[in-house]
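Here are my notes on this model. Please read them with the structure open.

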Amino acid sequence: MLAAGVAMPAFAADLSYTYAEVGVAKIDLDGEDAMGFGVKGSVSVHENVYILGAYSQAETDDEYSIMGITDEISMDSYSLGVGFRTAVSETVDFVAEVSLVESEIEFAGIDVDNDGELLSAGVRAEISKNAELNFSVDHARGDDDNETGFSIGGLYGASETVDLGLEYGSIDDVDTLTFSARFNF
């Protein structure tokens, strides 16, 4: 294959792009703690293209009082996107994704929506038959702002179809540590 004038390998890492994943997350929102859960999935529709989607929900550990009203802060997020992958070696794939994201923050019955896009570019590397590392630079563009961050993580193959994952992500003032189980198809 020839891309942008640079010869690219014609082989790809043995990485799955068709999976379902569930996880729990510990979130630091500018010094405030929250716990959450999420589900996400991906379906390969072509050798180099996949569709991805996700849903997550989180709630602060503490209640907050604003103008005499006390409640926890809860957050919901939905995304749907498309990804592109290409091999850069026998064990490493370059990946790029773009997703539409809808987020909602709720406090005391008041909802604030923020819709936007999430752009990611990075690598997935198969470091052994049972282990994968991944890294991406992420850019979120919403109704009111633009933020850039990163994600780094790994997967360990507990069986042929189940991986256990750990991922750290940071974007602006939100840091997330996620533990997950991925089911490959």
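**Notes on a loop, a sheet edge to edge, and a pocket**

1. Start with His46. This residue sits in the loop that links strand 4 (32-44) and strand 5 (49-60). The model is predicted, and the points below should be read that way.

2. Is His46 buried or exposed? Neither label fits: His46 is partly exposed, because its relative accessibility is 49% and the exposed class begins over 50%. Along the chain, His46 and Arg85 are 39 residues apart. Their C-alpha atoms are separated by 9.9 Å.

3. Now strand 14 (residues 174-184). Strand 14 pairs with strand 3 (residues 19-29) in the antiparallel sense, over eleven bridges. Within this pairing, Glu21 has Arg182 of strand 14 as its bridge partner.

4. Strand 14 also runs antiparallel to strand 13 (residues 162-171), joined by ten bridges. Here Asp175 in strand 14 stands opposite Ser170. The two strands, 13 and 14, make a hairpin with two residues between them. In that turn, Asp172 has a positive phi of about 55 degrees.

5. Next, the second largest pocket. Its volume is about 410 Å³. How many residues line the second largest pocket? The lining has 18 residues, and Asp14, Glu126, Lys129, Glu160 and Asp163 lie nearest the centre.

6. What is the make-up of that lining? Eight residues are charged, six polar and four nonpolar. Strand 14 returns here: along with strand 10 (110-128), strand 11 (131-141) and strand 12 (146-157), it supplies at least two residues of the lining.

How values were computed: Residues numbered from 1 in each chain as written. Predicted model: local features only at pLDDT ≥ 70, side-chain atom pairs only at ≥ 80, totals over all residues. Heavy atoms only, no water. Helix = DSSP H or I, 4+ residues; strand = E, 2+ residues; numbered from the N terminus. Buried < 20%, exposed > 50% of the residue type's maximum accessible area, 1.4 Å probe, protein only. Pairing = 2+ DSSP bridges. 1 Å grid on protein atoms, 1.4 Å probe; cavity = no way out; pocket = protein on both sides within 12 Å on 5 of 7 lines; lining within 4 Å. Points joined across faces, edges and corners; volume = space filled by probe spheres on them. Nonpolar A, V, L, I, M, F, W, Y, C, P; charged D, E, K, R; others polar.
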